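Trainee: Please take me through this structure one question at a time.

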Amino acid sequence: MAISEIRCPKSDEELDAMLGTPSERLIAFFQRARIRRLAILGIGGKIGVTLGIAAATASRRAGSGTEVIGVSRFSDSEARAKLEASGVHTISCDLLDEDAVRALPDADAVIFMAGKKFGTSENASLTWAMNAIAPINAAKRYLNARIVVFSTGCVYPLAFAESAGCDEQCPPEPLGEYAQSVLARERIFEYYSRIAGIPVMIFRLNYAIDLRYGVLHDIAMRVWQAQPVDIAVRNFNCIWQGDVIERALLSIDLCASPPRILNISGPETVATSDVAKYFAAAFGKRAILEGEDRAASPGYICNAGLSFGFFGYPSVPLTTMLRLTSEWIAGGGSSLNKPTHFQTTDGKF
Ligand SMILES: NC(=O)c1ccc[n+]([C@@H]2O[C@H](COP(=O)([O-])OP(=O)(O)OC[C@H]3O[C@@H](n4cnc5c(N)ncnc54)[C@H](OP(=O)(O)O)[C@@H]3O)[C@@H](O)[C@H]2O)c1
């Protein structure tokens, strides 16, 4: 096979196609997994749309006949149209509505992605409802399915890079109500897994990188707009969204009762200041670093070593994510305008 660099997509459509193109490994998984129906709950968000496209495309290419259904409220009608166009059967449903969830079609595999993070400080009760009640409704509806549950590395305590990060043995110590409520999401699925034997996999993700949002996008945009980059949180980890999607779908095979937990991130622990300087050099601008004079704050440092044993290293290395992000932004690529707030260290989102 010829060796070539990954080319930066020129449009949202090209980026969706890139993230939604399944790997040969994913297609082979669909061929052997014998999933009749896959339900993706909370599909309408930043990761879900491209995950749905990848799943439907993998099913088609594998000839597996897996029906992919996507459930969300679809506050973004464009997301729904994209999914339908790629072969996902969409169903509008509020996962807080127990009767509506009960009426959802059966599925033998479920990816649970629904959640709420931003706006927690203004309306914490809604965050708790979304991250705790929706899981109850989903677990009770899908007692006979394998369920991959998206969670976050924010359930761990903050750490410094020198510590090598929190691995799955590290007890959760969530800071703030968002992280606490996501731990509730995990515990609820764990509870139903233990009492009803549901095979579950807890997918603790730290910072997916699309080009339209994510930590690298946030830092690059600030450098591009000559705004200061806060480097008080000195380090972080991230992973290409295409790799997140592949790992989430392959995780259906890793579900267990009681649940298996895996940290999902990239192998590199990145220095915030290095990233800002990289973008400054790429854009021919100056990096304005803020917070150098303050003591370094710990951040969410995730040790994803266990996951590499199952999946191997991610296919897209940090250097490529940096280059793609700089080319995307310099080329006028779109932004979701959804900052990650990765600098937050008080748990308040
Ligand atoms: N992106 C990351 O880097 C990252 C990092 C760590 C953890 N995670 C976790 O991964 C999951 C997916 O991430 P994401 O970035 O794609 O999240 P997201 O953009 O917030 O997407 C979640 C989607 O869930 C849907 N949803 C929310 N409440 C719902 C309800 N009551 N009923 C039905 N659907 C509902 C929403 O779509 P509708 O408006 O269409 O309903 C929302 O867009 C999240 O749960 C998050 O905790 C993500």
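Trainee: Which helices each supply at least two residues of the lining of the second largest pocket?

Mentor: This is a predicted model, in which local features need pLDDT of at least 70 and side-chain atom pairs pLDDT 80 or more, while totals for chains, interfaces and linings use all residues. Residues are numbered from 1 along each chain as its sequence is written, and side-chain values leave out hydrogens and water and use heavy atoms. A pocket is an open set of points on a 1 Å grid over the protein atoms alone, with protein on both sides within 12 Å along at least five of seven lines, and a lining residue has an atom within 4 Å of a point. The helices (DSSP runs of H or I, at least four residues, numbered from the N terminus) that supply at least two residues each are H1 and H9 (241–250).

Trainee: Which element gives the largest share of that lining?

Mentor: The second largest pocket is lined by 15 residues, and those closest to its centre include Met18, Trp240 and Ser315. The largest share, four residues, comes from H9.

Trainee: How many charged residues are in the lining of the second largest pocket?

Mentor: Ala, Val, Leu, Ile, Met, Phe, Trp, Tyr, Cys and Pro count as nonpolar, Asp, Glu, Lys and Arg as charged, and the others, Gly among them, as polar. The lining has nine nonpolar and four polar residues, and the charged ones number two.

Trainee: How much space lies in the largest pocket?

Mentor: This pocket is lined by 49 residues, with Gly45, Lys46, Ile47, Gly115 and Lys338 closest to its centre. The lining divides into 23 nonpolar, 12 polar and 14 charged residues, and helix H3 (48–62) is among the elements that supply at least two of them. The volume (the space filled by probe spheres set on the points, which are joined across faces, edges and corners) is about 1,500 Å³.

Trainee: Which residues line the largest cavity?

Mentor: A cavity is a set of points where a 1.4 Å probe fits but cannot get out, and the search finds one of 30 Å³ or more. Its lining has five nonpolar, two polar and no charged residues. They are Tyr207, Val233, Asn235, Phe236, Gly299, Tyr300 and Phe342.

Trainee: Which strands stand at the edges of the open sheet?

Mentor: Seven strands (DSSP runs of E, at least two residues) make up the sheet, in the order S3-S2-S1-S4-S5-S6-S11 with parallel pairing. A pair needs at least two DSSP bridges. A strand with a single partner has one side left without a neighbour in the sheet, so the edges are S3 (89–92) and S11 (260–264).

Trainee: What is the bridge partner of Ile40 in S4?

Mentor: Strand S1 (residues 37–41) pairs with S4 (residues 109–112) in the parallel sense, over four bridges. For Ile40, the partner in S4 is Ile111.

Trainee: Why is helix H8 described as largely enclosed, and which elements do its buried residues pack against?

Mentor: Seven of the 10 residues of H8 (residues 215–224) are buried (under 20% relative accessible area with a 1.4 Å probe, protein chains only), so the rest of the structure largely encloses this helix. The buried set is Val215, Leu216, His217, Asp218, Ile219, Ala220 and Val223. By contact (heavy atoms within 4.5 Å), they pack against S7 (208–209), S8 (229–230), S9 (235–236), H10 (272–283) and H12 (318–330).

How values were computed:
Buried < 20%, exposed > 50% of the residue type's maximum accessible area, 1.4 Å probe, protein only.
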